[in-house]
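Reader: I would like to work through this model feature by feature, taking the general idea before the particular case. Could we begin with contacts between charged side chains?

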Amino acid sequence: MARRPAPPSASAGSSLGTPSTAATAPRAARSPRGSSRGAAERRVDVREWASGIRLSAFSVIMLSLVVLGAWVLVPTLGTYIDQRQKIAALEHSIQVSEDEITALQKERERWNDPAYITTQARERLYYVKPGEVVYLIDNDLDPAALPQEQGPVSDTLEEKPSDWMPQLLRTLTSAGLSDTAVVAR
């Protein structure tokens, strides 16, 4: 990148308009670009770079206006993004509500159909027409859907289901009706 020449200064003896010989001296001492050192030799002299920047009052004012504009617009931009997200969420909510409304309208239209009402009355309330016979089937589940009985806990111990009340009555009756009594001594 070629460097722009500095504008001529107001006074011939001023060192501001022309680069100093001290700044150009290291440039002349450098070796050509094709050397083995490469990037280490291509260092930028900060003083030379800074002397090339010319700041006028107009540039300072424009830079401060850009900074002020960024300072004012960044929170506004955050608010804008937040509001756009809320608007998108509300639009999605409106779409869901409209879908629910259309589903409810379709259901209302079905309830206006006498055949649908008759079908629902038969299925839900078990209504029949006069002269019809209704058969209700209890336990019509698939055997695979029924709960399985619990198997024995172990091979050696098994609990037998028993009703204790008839056994108690049999024991009392047999004890009361026996002919012989054994006296314990």
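Author: A salt bridge is counted when a side-chain nitrogen of Lys or Arg lies within 4 Å of a carboxyl oxygen of Asp or Glu, and the structure holds 2 of them. Please keep in mind that this is a predicted model, in which local features need pLDDT of at least 70 and side-chain atom pairs count only at pLDDT 80 or more, whereas totals for chains, interfaces and linings use all residues. Residues are numbered from 1 along each chain as its sequence is written, and side-chain values use heavy atoms, with hydrogens and water left out.

Reader: How far apart in sequence are K86 and D82, and in which helix do they lie?

Author: Helices (H or I, at least four residues) and strands (E, at least two) are taken as DSSP runs, numbered from the N terminus. K86 and D82 are 4 residues apart in helix α3, so about one helical turn separates them, and their side chains meet in a salt bridge with an N to O distance of 3.8 Å. For exposure, buried means under 20% relative accessible area, exposed means over 50%, and partly exposed is in between (1.4 Å probe, protein chains only); D82 counts as partly exposed because its relative accessibility is 36%.

Reader: What parts does the salt bridge between E132 and R122 tie together?

Author: In this salt bridge the closest N and O atoms of E132 and R122 are 3.0 Å apart. Because E132 lies in the loop between α4 and α5 while R122 belongs to helix α4, the pair ties together parts that are 10 residues apart in sequence. E132 is partly exposed at 35% relative accessibility, and R122 is partly exposed with a relative accessible area of 32%.

Reader: Which backbone angle deserves attention at Y126?

Author: Most residues other than glycine have a negative phi. The phi of Y126, by contrast, is positive, near 60 degrees. Y126 is found in the loop between α4 (114-125) and α5 (164-177), and it counts as exposed because its relative accessibility is 53%. Between Y126 and L136, which are 10 residues apart in sequence, the C-alpha to C-alpha distance is 9.4 Å.

Reader: How should I judge the length of α3, and where does it kink?

Author: The expected span of a helix is 1.5 Å times one less than its number of residues. For the 55 residues of α3 this gives 81 Å, which agrees with the 80 Å between its end C-alpha atoms. The bend at a residue is the angle between axes fitted to the seven residues ending there and the seven starting there, and α3 has a kink of about 30 degrees at L73, shortly before the proline P75.

Reader: How many aromatic pairs does a search of the whole structure find?

Author: Rings of Phe, Tyr and Trp (its six-membered ring) pair if their centres lie within 6.5 Å, with planes under 30 degrees apart counted as stacked, over 60 as edge-to-face and the rest as tilted. The search finds 1 aromatic pair. W111 and Y116 form this edge-to-face pair, at 5.1 Å centre to centre and with 85 degrees between the planes. W111 counts as partly exposed at 33% relative accessibility.

Reader: What is the overall pattern of the protein chain along the sequence?

Author: The protein chain has 5 helices and 0 strands, following the pattern α-α-α-α-α. Buried residues make up 4% of its 185 residues.
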